[in-house]
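This briefing addresses the fold of a single chain. The topics are overall dimensions, the parallel sheet and one enclosed helix.

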Amino acid sequence: MIVQRVVLNSRPGKNGNPVAENFRMEEVSLPDDINEGQVQVRTLYLSVDPYMRCRMNEDTGSDYLVPWQLSQVVDGGGIGIIEDSKHTSLTKGDVVTSFFWPWQTKAVLDGSILEKVDPQLVGGHLSYFLGAIGMPGLTSLIGIQEKGHITAGSNQTMVVSGAAGACGSLGGQIGRLLGCSRVVGICGTHEKCLLLTSELGFDAAINYKKGNVAEQLQESCPAGVDVYFDNVGGDISDTVISQMNQNSHIILCGQISQYNKDVPYPPPLPSAVEAIQKERNITRERFLVLNYKDKFEPGILQLSQWFKEGKLKIKETVINGLENMGAAFQSMMTGGNIGKQIVCISEDTSL
C-alpha cells in the first residue's frame, strides 16, 4: 500500500525562522503484513506545537527531546483509528493516540507506543485529545496546580502571555476555575483580544503590538500580578515580572519568543529583571509536565468534566491535508493560530 508522509527537508539553523519548505512530502509503501505486537493505523489528526522547533535542530538542547533527522519521517502528537491489529490489547476500530505519531496518512506502529482513548471524554471531537483534553491541557492544568499557588478567595490576579494559544487560552480559564479573581491576557491581535474577553472569560486583554504594554498592564492589574502563566518569555515577560507582587509565582509553560535563538531553557532574565525577581522572592522554576505522569489520568478527567459542563471553552485552528503540515507549523510559530493548531488528515472513522 502506498501512503504519503512528511520528512524533514532542511534545518532552519539554530537562530533561523522555520518555514514550510523545511518539510517535504513523499510517498512510501507500507508492508502488506504486520508483525506480532504491531497495528496498522489510519491517521485522523496531527498536532503542531512550539516545542517541535527544538526538534528541528541537530541538538534539541534538552535531554527529553530527540532531534528529527533529515530525510526521515517527522513525528509528534497524533490520533487515529486502528485498521488492523496483532497487538493483544488493541483491536480494529480502537481510537488511539501517541506522542510519537509519524506524519503520514497511514502507518504500521508498535502497539506499545499507543494509548487507547475514549471518544466520549471529548464528546466525539477527537482532535481535542491533542489539545485541551491532551498534553496542552495537562500542561496548563498541572503547571498551574503545581507552580501557581492559587488559593481561592484570596483575590489573586493572573496574567497570561500567549493568551490565545493552545496553552494560554486554557490557562486563563483554568486559573479562574481554580480561584483567581482577575485574569488578564496578553496576545498579538485585536481579534484575539476580543475572543479572550467575550468568549473565554478574561477580565481584560492587552494587544502587545499596540501601545505601551507596561501602562496597559498597570491599568488592567491595579493590585499588581500574583500569578504569571508565561508562554512567551522575552520582552513581554520582563514587563510582566516588573509588575509582580512580593512572593508571587511564574509558571514557565513555554518561551516561544526565544525558540528561534540559541539560548538555554529557561532563558536567563536580564540582570535588572532578575534583581526584581530575587528582591520580591518571585518563584520561576522550570516546569516539565512529563515529570507528573501520575497526575495525567485525574487531570484528563477534570479537563473533560469542565468541558462537558461548559466551564472550559475549547478553541482550535484546523488546517486540512498532510501537504499543509509545514505551512501549519510555520503559521503556529508566528501566531497564526487561535487556540490549538491542528492538521486534519482524515475525518473518516469508518472501517
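Two strands count as paired if DSSP finds at least two bridges between them. In this predicted model, strand 12 (residues 244-252) and strand 13 meet that description, pairing in the parallel sense over four bridges. Within this pair, His249 has Thr283 of strand 13 as its bridge partner. The points below place the pair in its sheet and then turn to helix 3 and the chain as a whole.

**The parallel sheet**

- Strands 12 and 13 belong to an open sheet of six strands, which follow the order 10-9-8-11-12-13 with parallel pairing.
- Strand 10 (204-207) and strand 13 (283-286) form the edges, each pairing on one side only.
- On average, and with direction ignored, neighbouring strands of the sheet are turned by 20 degrees against each other.
- Helix 4 (residues 190-198) packs on this sheet, where it touches strand 9 (182-187) and strand 10.
- The direction of helix 4 makes about 170 degrees with that of strand 10.

**Helix 3 and its surroundings**

- Helix 3 (residues 168-177) is largely enclosed by the rest of the structure, because eight of its ten residues are buried; buried here means under 20% relative accessible area.
- Four glycines are among these buried residues, namely Gly168, Gly171, Gly172 and Gly175.
- The other buried positions of helix 3 are Ser169, Leu170, Gln173 and Ile174.
- From the sheet, strand 8 (157-161), strand 9 and strand 11 (225-230) pack against the buried residues of helix 3.
- Helix 2 (135-147) and helix 8 (296-308) also pack against these buried residues.
- Gly179, just after helix 3, takes a positive phi of about 125 degrees.

**The chain as a whole**

- The secondary structure of the chain comprises nine helices and 15 strands.
- The radius of gyration is 21 Å, which agrees with the value near 20 Å that a compact globule of 351 residues would have.
- The C-alpha trace spans about 65 × 45 × 35 Å along its principal axes.
- Of the 351 residues in the chain, 54% are buried.
- Contacts between residues at least 6 apart in sequence join residues at least 24 apart in 68% of cases.
- The accessible surface comes to about 15300 Å², and carbon and sulfur atoms account for 47% of this area.

Key: Residues are numbered from 1 along each chain as its sequence is written. This is a predicted model: local features need pLDDT of at least 70, side-chain atom pairs count only at pLDDT 80 or more; totals for chains, interfaces and linings use all residues. Side-chain values use heavy atoms; hydrogens and water are left out. Helices (H or I, at least four residues) and strands (E, at least two) are DSSP runs, numbered from the N terminus. Axes are lines fitted to C-alpha atoms, for helices over the stretch in contact, and angles run from 0 to 180 degrees between N-to-C directions. Contact means heavy atoms within 4.5 Å. Buried means under 20% relative accessible area, exposed over 50%, partly exposed in between (1.4 Å probe, protein chains only). The radius of gyration is taken over C-alpha atoms; the globule rule is 2.2 Å times the number of residues to the power 0.38. Accessible areas come from the Shrake-Rupley method with a 1.4 Å probe; for residues, only the protein chains shown count as cover.
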